[in-house]
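Thanks for making the time this morning. I would like to walk you through a few places where parts of this chain pack together, and I will go slowly for anyone who has not looked at the model before.

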Amino acid sequence: MHMSKPVIMAVDDDPVVLSSLERDLRQKYGGDYRIVKAKSGAAALEVLHKLERGGEPVALFLVDLRMPEMTGVQFFEEAVLIFPEARKVLLTTYPDTQTAINAINTISIDYHLMKPWHPLEEHFYPVLDSLLDEWRINVWLPYEGIRVVGAMGSSASHEVKNFLACTSIPYQWMDIERDEEARRLLELTSMSEADTPVLFFPDGSRLVQPTQQQLAEKVGLSTRAEYTFYDVIIVGGGPAGLSAAVYASADGLKVLLIERQMPGGQAGKSPKIENLLGFPTGISGRELTRRAVAQARRFGTEILTAQAVTGIRSEGETKIVTLDDGSQVSSKIILIATGAWFTLLDLPGIEKWSGAGVYYGAAHTEAANYKNQDLVVIGGANAAAQAMLLLSKYARKVTVLIRGSDPTWSKYLDETIRTNEKIELMLNTDLVAVQGDGKIQTVTLKNNLSGESTSLPADGVFVFIGEEPQSDFVADLVMRTESGHILTGLDMVKDGQRPPGWPLNRDPLLLETSVPGIFAAGDVRNGTKHGVAAAIGDGNAAVTLFWQYLSTL
Ligand SMILES: Cc1cc2nc3c(=O)[nH]c(=O)nc-3n(C[C@H](O)[C@H](O)[C@H](O)COP(=O)(O)OP(=O)(O)OC[C@H]3O[C@@H](n4cnc5c(N)ncnc54)[C@H](O)[C@@H]3O)c2cc1C
């Protein structure tokens, strides 16, 4: 299958600036991208329609803010309807800074680049490199790589897509119901829908209905530890675990990070984290994860994917971890950074739709598969808010069900949501049933004040109704709250009494659990402020405490 090069489009009414932009873009990106220029917003939109008709992808726009007739902001308002995934860079001058910052909120630009953009290696290429990397991992291009043949209504297919998407491994999704080529591929290999999902690899090999471990091994990710003993074992590869991995391995500790799925955690599901210091236009959870994983590996952290920790034992100063394949690995220190996971809907028969039309936090993986369809989002907090904004780029309509009388999402998301014409908010409303034949077709809703029920057409339901700490595997080992959050530090010291069974003649350290040498960080820990920055901070603080602990051995 041949793919034309993705396009980088430069738009500026000043011919000198436009030529210079074109030259600088061509110099670095001319090999992999087609550089297209236009001298007005209107001319650029005309080109975009042609590209869309020809099936040519656009990766990035670099557009001048101040252009006569159509400003850069007005151009972006139209362009996102044609190429929602393309990254948007606004070219500005110093006095335009406030307008550019407003554009972050109104049209979600990805970066505002101040003119002049030289030296290129300092101001221009690093920004574009990172935006293009981000675009590549969020877009599915027809290409000669891994092809996944499956069905939209199949949870096994969803799991495979989710795994590949979250590990930033490019793949092409081929829906057997919509894609003739998908059916042909199955026929050629004497398989049928019952065998799906099937993965076709460029080397001619195939994986039929693979487990996560088979998938991880096939794409070159480790599922088995290289050594039997480490300084630190980190359980969980969300922001807390990755942060601790980066700082501990940078400090020279021998670190193993074990993740039951793929690194990223809940943050990896965020289409855009906008409240992280240093990222004024936001960063997607996948991009943050990609960078953190690369950083941790660079400092020497070993990462196991698709391996859950099922139990931890403490034998004096040695901690022993059991993995779900039955293997064991030991260390001096353990950090539990297992975060939280989505609360599941509690409706009769709902399980059969899980991953097959009802998705927990997976807006990122599935959004592009629901073009022009009707979607329902349940939840009124930040995670739901981000999901509905992403889904609205593709869907015909997004109906949002909020149990209470007001959403609780952050102020910076509110205006964008309320002015989005595709999003309809339904307050005091619960989902009571999902109907369909093979695929979801309608949902039944109930107003929890009036008791009135209604039905809506719906092709997919995205659920964000809360989360539960993932700590059951250490229920018999460490002290937890009733809700399952792990207690640490002085939280466990009551009336001067250290936790029951505490063997040492010192208080537990700040993030230390009721077992010396076992620490907890991030959303799984009691008393933490949930969020990416807090988790990263916890991970970092934990490393300082590791050294304190090691100095006592
Ligand atoms: C869609 C969405 C959007 C969000 N947006 C924002 C935002 O914009 N800003 C913000 O500040 N916060 C945001 N959050 C919240 C933020 O992502 C979390 O607070 C943060 O990820 C918590 O980090 P953590 O490392 O503690 O846990 P998690 O991110 O939950 O990671 C825990 C990891 O541990 C793994 N794990 C669990 N049990 C085991 C086991 N037994 N063995 C091995 N591995 C295990 C899990 O698979 C997971 O990968 C968002 C959350 C969601 C869901």
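Let me begin with helices α2 and α3, which in this predicted model run roughly parallel to each other. Helix α2 covers residues 41-53 and helix α3 covers residues 72-82, and they pack at an angle of about 0°, with their axes 10 Å apart, an angle under 35 degrees being what counts as roughly parallel here. If you want to find the contact on the screen, look on the α2 side for G41, A44, L45, L48, H49 and E52, and on the α3 side for F75, E78, A79 and I82. Sorted by class, the residues of this contact are 6 nonpolar, 2 polar and 2 charged.

Now please turn to a second pair, helix α9, residues 239-250, and helix α14, residues 532-550, whose axes come within 7 Å and cross at roughly 40°. These two helices are therefore oblique to each other, and their crossing is right-handed. From α9 the residues involved are P239, A240, S243, A244, Y247 and A248, and they meet V532, A535, I536, G539, N540, V543 and F546 of α14. In this contact we find 10 nonpolar residues and 3 polar ones, with no charged residue taking part.

My third stop is a single helix, α13, which spans residues 411-418 and in which L413, T416 and I417 are buried. Why do they sit on the same side of α13? They cover an arc of only 100° around the axis, and that places them on one side of the helix. As a general point, an α-helix has 3.6 residues a turn, so residues three or four places apart point the same way. On the other side of α13 you will see K411 and E415, which are exposed. As for what lies over the buried residues of α13, the cover includes α4 (97-107), α12 (382-392) and β20 (423-426).

Finally, I would like to leave the helices and look at S330, a residue of strand β15, which runs over residues 328-336. Is S330 buried or exposed? Its relative accessible area is 15%, and because buried means under 20%, S330 counts as buried. Leaving aside residues up to four places away in sequence, S330 touches T228, F229, Y230 and I233, and also T318, K319 and I320.

Conventions: Residues are numbered from 1 along each chain as its sequence is written. This is a predicted model: local features need pLDDT of at least 70, side-chain atom pairs count only at pLDDT 80 or more; totals for chains, interfaces and linings use all residues. Side-chain values use heavy atoms; hydrogens and water are left out. Axes are lines fitted to C-alpha atoms, for helices over the stretch in contact, and angles run from 0 to 180 degrees between N-to-C directions. Helices (H or I, at least four residues) and strands (E, at least two) are DSSP runs, numbered from the N terminus. Angles under 35 degrees count as roughly parallel, over 145 as roughly antiparallel, 65 to 115 as roughly perpendicular and the rest as oblique. A crossing is left-handed if the near helix is turned anticlockwise from the far one by less than a right angle, and right-handed if clockwise. Contact means heavy atoms within 4.5 Å. Ala, Val, Leu, Ile, Met, Phe, Trp, Tyr, Cys and Pro count as nonpolar, Asp, Glu, Lys and Arg as charged, and the others, Gly among them, as polar. Buried means under 20% relative accessible area, exposed over 50%, partly exposed in between (1.4 Å probe, protein chains only). The arc is that of the directions from the helix axis to the C-beta atoms.
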